[in-house]
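User: I would like a close look at one part of this model, namely its aromatic pairs. Please set out the geometry and the surroundings in one connected account.

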Amino acid sequence: LEYPIFYFATTSKDTYSYYNLFALGILSLTVGIPYFLLRRFALKIAQSQLANRHDAFKSARNLLMDHISIGRAQRMKRCDVYYPAKSDGGELRAKCGLIFYPGALVERAAYAPIATRLSELGILVAVANLEPYRLVVKLQDYDLKEEVMHILSDSVLLSNQGAWTVDEWAVGGHSMGGYMAIAAVANEFSSTIKKVVLWGVLSYPDSNTYPCKRTLQEIKHVDALVVNGSNDEIVKSTVYGKDKFAKFDAKMPPRNCQSSADVKLGIKRGYTHHVSIEGGNHSGCAHYGPQMFPLPDGIRTITMEQQQRRTAEATVDFLLDRITSK
């Protein structure tokens, strides 16, 4: 009588253990397969980003180092700063400061030539440091307000030359960096920053990745400059939406500029001023390239120096209120 009972108990225990192992196996597969696929997906994205990072040309890095050596530029934790020349009386003062965000995956030193040109024209330029990723995938993962405030204060207070005075601040960016600029004004600085500079941008930030509390058109007295190359195939592409141009216009300030009559009367209206650089492309805004990600760029038919000179001149005219309509 003992044997059958013992046999039955052993069988029940083995069966119970078998089902435990089976359940554990199912659980492992349920958890493991998604983890494996997610890990492979993340690895693929990381490899794609690494393969498509845009390093600055050596000439741009050398220019930055040269200007650091003569005190006209400074590398800081959060930004590279390009300073205008001192006034004749030795005063450290700039009429306008520009906080600038690089394009996605672009090394910030690639903007040294055009930032240097802007500084020679009287603009203090702070190019944000987005290393090591060179990309803000989601705005929720980046403390935009704190970073902009730190860049602003560091660039004027931590200069090796002494404290700078900046009369007015603007924020700008190239390509996806332009989305950062739009979000900064729309979400945080609409009362203090009234000018937005966009290079290589012709679409509005996606609400899922770069949510904005308001559109720039809804904010009074905000002016925007949009500079694009005529051969920029990235901004002209409709791969990410055929209606992106209409949405962009609907959310930006109206397409006009201050009339001379309004200027004389002191009337301030927000506007968007568009400039097309004939023969320019997407990567021509900085010293890197050619650009093939996320889409192939067009071929530039003018020199990089020509494109950046015209871009810098249009930017300075905008920042110093030299753009008016009749």
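Analyst: Tyr-271 is a suitable place to begin: in this predicted model, its relative accessibility is 2%, so Tyr-271 counts as buried, the cut-off being under 20%. A general point helps with what follows: a pair of aromatic rings is described by the distance of the centres and the angle of the planes.

A search of the whole structure finds six aromatic pairs. One of them joins Tyr-101 and Tyr-142, whose ring centres lie 6.2 Å apart; the planes stand at 80 degrees, so this pair is edge-to-face. The two residues belong to distant parts of the chain, 41 residues apart, with Tyr-101 in strand β4 and Tyr-142 in the loop between β5 and α4. Both Tyr-101 and Tyr-142 are buried.

Tyr-271 itself pairs with Phe-318, again edge-to-face, with 6.3 Å from centre to centre and 80 degrees between the planes. This pair also links distant parts of the chain: Tyr-271 lies in the loop between α8 and β10, Phe-318 lies in helix α9, and 47 residues separate them. Phe-318 has 0% relative accessibility and therefore counts as buried. The ring of Phe-318 has a further partner in Lys-195, whose charged end sits over that ring at 6.0 Å from its centre. Elsewhere, Phe-100, Tyr-111 and Trp-199 form one aromatic cluster.

The surroundings of these rings include helix α3, residues 112–120. Seven of its nine residues are buried, so α3 is largely enclosed by the rest of the structure. The buried residues are Ala-112, Pro-113, Ile-114, Ala-115, Thr-116, Leu-118 and Ser-119. Among the elements that cover them are β4 and α9, the strand that holds Tyr-101 and the helix that holds Phe-318. The cover also includes α2, β2, β5 and β8. After α3 comes Gly-122, which has a positive phi near 100 degrees.

The loop of Tyr-142 lies between β5 and α4, and α4 in turn packs against α5. The axes of α4 and α5 come within 10 Å and cross at roughly 100 degrees; the two helices are therefore roughly perpendicular to each other. On the α4 side, Leu-144, Lys-145, Val-148 and Met-149 take part, and they meet Met-180, Ala-183, Ala-184, Glu-188 and Phe-189 of α5. By class, this contact comprises seven nonpolar residues, two charged residues and no polar ones.

Notes. Residues are numbered from 1 along each chain as its sequence is written. This is a predicted model: local features need pLDDT of at least 70, side-chain atom pairs count only at pLDDT 80 or more; totals for chains, interfaces and linings use all residues. Side-chain values use heavy atoms; hydrogens and water are left out. Buried means under 20% relative accessible area, exposed over 50%, partly exposed in between (1.4 Å probe, protein chains only). Helices (H or I, at least four residues) and strands (E, at least two) are DSSP runs, numbered from the N terminus. Contact means heavy atoms within 4.5 Å. Rings of Phe, Tyr and Trp (its six-membered ring) pair if their centres lie within 6.5 Å; planes under 30 degrees apart count as stacked, over 60 as edge-to-face and the rest as tilted. A charge sits over a ring if NZ of Lys or CZ of Arg is within 6 Å of the ring centre and within 35 degrees of the ring normal. Axes are lines fitted to C-alpha atoms, for helices over the stretch in contact, and angles run from 0 to 180 degrees between N-to-C directions. Angles under 35 degrees count as roughly parallel, over 145 as roughly antiparallel, 65 to 115 as roughly perpendicular and the rest as oblique. Ala, Val, Leu, Ile, Met, Phe, Trp, Tyr, Cys and Pro count as nonpolar, Asp, Glu, Lys and Arg as charged, and the others, Gly among them, as polar.
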